[in-house]
Amino acid sequence: MRGEVLERARELRLAGLADTSAGRPVRAARTLRAAVNLLLAEPPGRDVDAVRLACLLTLAMAELLTTGLDAANSRLAEARALAGDDPELVARCRCQRGIVLVRTGDFAQAAGELDVVISEPQWFTVAERAAILVSRAVISFELGRPAEVESMAASAVRLAEEAGDNRLRFMAEHNRGYARYLTGDLPGALSAMAAAEELEADVF
């Protein structure tokens, strides 16, 4: 029974994540709250805590879009309390807080939180690391650090290739091309843009 409850909560979380990504945050929030509530009756344990934390972190973004920053921060605080001193769960809390900070335009603090995927990569999948580094490169643009963009984008390209995700690779190559353009390397910029355009990637 416990396994079935956890699996159902995971399914609800993925559905909520998909709805958030598709621009349906109200439905996402409703689904994610159902996932969190489903786990309330389960005895404490690392497996339950990990799934509940993932649901709370995903819900934080849905509530940022539907209710506002205070609601999102409340969910983040709830997740951080649940994480305790578990290094993987703490790292995931930091990463999601960084994503929320990007949405609110606090790029400096967001960079510090998202850099956890660089300092502690063992807690994240290759695809997750690639996606965060794509976002991290955009933050470096906003902070006026084109050389840093080049480094982040190059790492994101490598990880996206490893993950077999052409959509992420396309975005990373474009970031790299723009960074080269900003630093005066026009041939390098055109090369990176051409590499992106050769990919079969659904980015629109």
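**Helix packing and selected residue environments**

Glutamate 128 is partly exposed, its relative accessible area being 29%. The model described here is predicted. Glutamate 128 belongs to helix α8, which spans residues 126–142. Leaving aside residues up to four places away in sequence, glutamate 128 touches Arg92 and Trp123. A polar atom of the glutamate 128 side chain lies 2.8 Å from the backbone nitrogen of threonine 125. Proline 187 is 59 residues apart from glutamate 128 in sequence, and the two C-alpha atoms are 30 Å apart in space.

Packing among helices α3, α4 and α5 was examined pair by pair. Two packed helices are described by the angle between their axes and the distance between the axes. For α3 (residues 46–66) and α4 (residues 69–83), the axes come within 7 Å and cross at roughly 165°. An angle over 145 degrees counts as roughly antiparallel, and α3 and α4 are therefore roughly antiparallel to each other. Their crossing is left-handed. On the α3 side, the contact is formed by Asp49, Arg52, Leu53, Leu56, Leu57, Leu59, Ala60, Glu63 and Leu64. These residues meet Leu69, Ala71, Ala72, Arg75, Leu76, Glu78, Ala79, Leu82 and Ala83 in α4. Sorted by class, the contact of α3 with α4 comprises 13 nonpolar and 5 charged residues, with no polar ones.

The axes of α3 and α5 (87–103) come within 10 Å and cross at roughly 5°. Because angles under 35 degrees count as roughly parallel, α3 and α5 are assigned as roughly parallel to each other. In this pair, α3 contributes Arg46, Ala50, Leu53, Leu57, Thr58, Met61, Leu64 and Leu65. The α5 residues that they meet are Glu88, Leu89, Arg92, Cys93, Gln96, Ile99, Val100 and Arg103. The contact of α3 with α5 divides into 10 nonpolar, 2 polar and 4 charged residues. Arg92, listed in this contact, is also one of the residues touched by glutamate 128.

Helices α4 and α5 pack at an angle of about 170°, and their axes are 9 Å apart. This angle makes α4 roughly antiparallel to α5. From α4, Leu69, Leu76, Ala79, Arg80 and Ala83 take part, meeting Leu89, Val90, Cys93, Gln96, Arg97 and Val100 in α5. By class, the residues of the α4 contact with α5 are 8 nonpolar, 1 polar and 2 charged. Leu53 and Leu57 of α3 appear in the contact with α4 and in the contact with α5. Leu69 and Leu76 of α4 likewise appear in the contact with α3 and in the contact with α5.

The loop between α4 and α5 contains aspartate 86. Aspartate 86 is buried, with a relative accessible area of 17%, a value that falls in this class because the cut-off is under 20%. Its side chain makes a polar contact with the side chain of arginine 46 at 2.6 Å. The aspartate 86 side chain also reaches the backbone nitrogen of glutamate 88 at 3.1 Å. Both partners recur in the helix packing, where Arg46 in α3 and Glu88 in α5 belong to the contact between these helices.

Glycine 188 lies in helix α11, residues 186–197. This glycine is buried, with a relative accessible area of 10%. Glycine 188 and glycine 177 are 11 residues apart in sequence, with a C-alpha to C-alpha distance of 6.8 Å.

Notes. Residues are numbered from 1 along each chain as its sequence is written. This is a predicted model: local features need pLDDT of at least 70, side-chain atom pairs count only at pLDDT 80 or more; totals for chains, interfaces and linings use all residues. Side-chain values use heavy atoms; hydrogens and water are left out. Helices (H or I, at least four residues) and strands (E, at least two) are DSSP runs, numbered from the N terminus. Buried means under 20% relative accessible area, exposed over 50%, partly exposed in between (1.4 Å probe, protein chains only). Contact means heavy atoms within 4.5 Å. A polar contact is a pair of N or O atoms within 3.5 Å; within protein, one must be able to donate a hydrogen and the other to accept it, and residues adjacent in sequence count only if both atoms are side-chain atoms. Axes are lines fitted to C-alpha atoms, for helices over the stretch in contact, and angles run from 0 to 180 degrees between N-to-C directions. Angles under 35 degrees count as roughly parallel, over 145 as roughly antiparallel, 65 to 115 as roughly perpendicular and the rest as oblique. A crossing is left-handed if the near helix is turned anticlockwise from the far one by less than a right angle, and right-handed if clockwise. Ala, Val, Leu, Ile, Met, Phe, Trp, Tyr, Cys and Pro count as nonpolar, Asp, Glu, Lys and Arg as charged, and the others, Gly among them, as polar.
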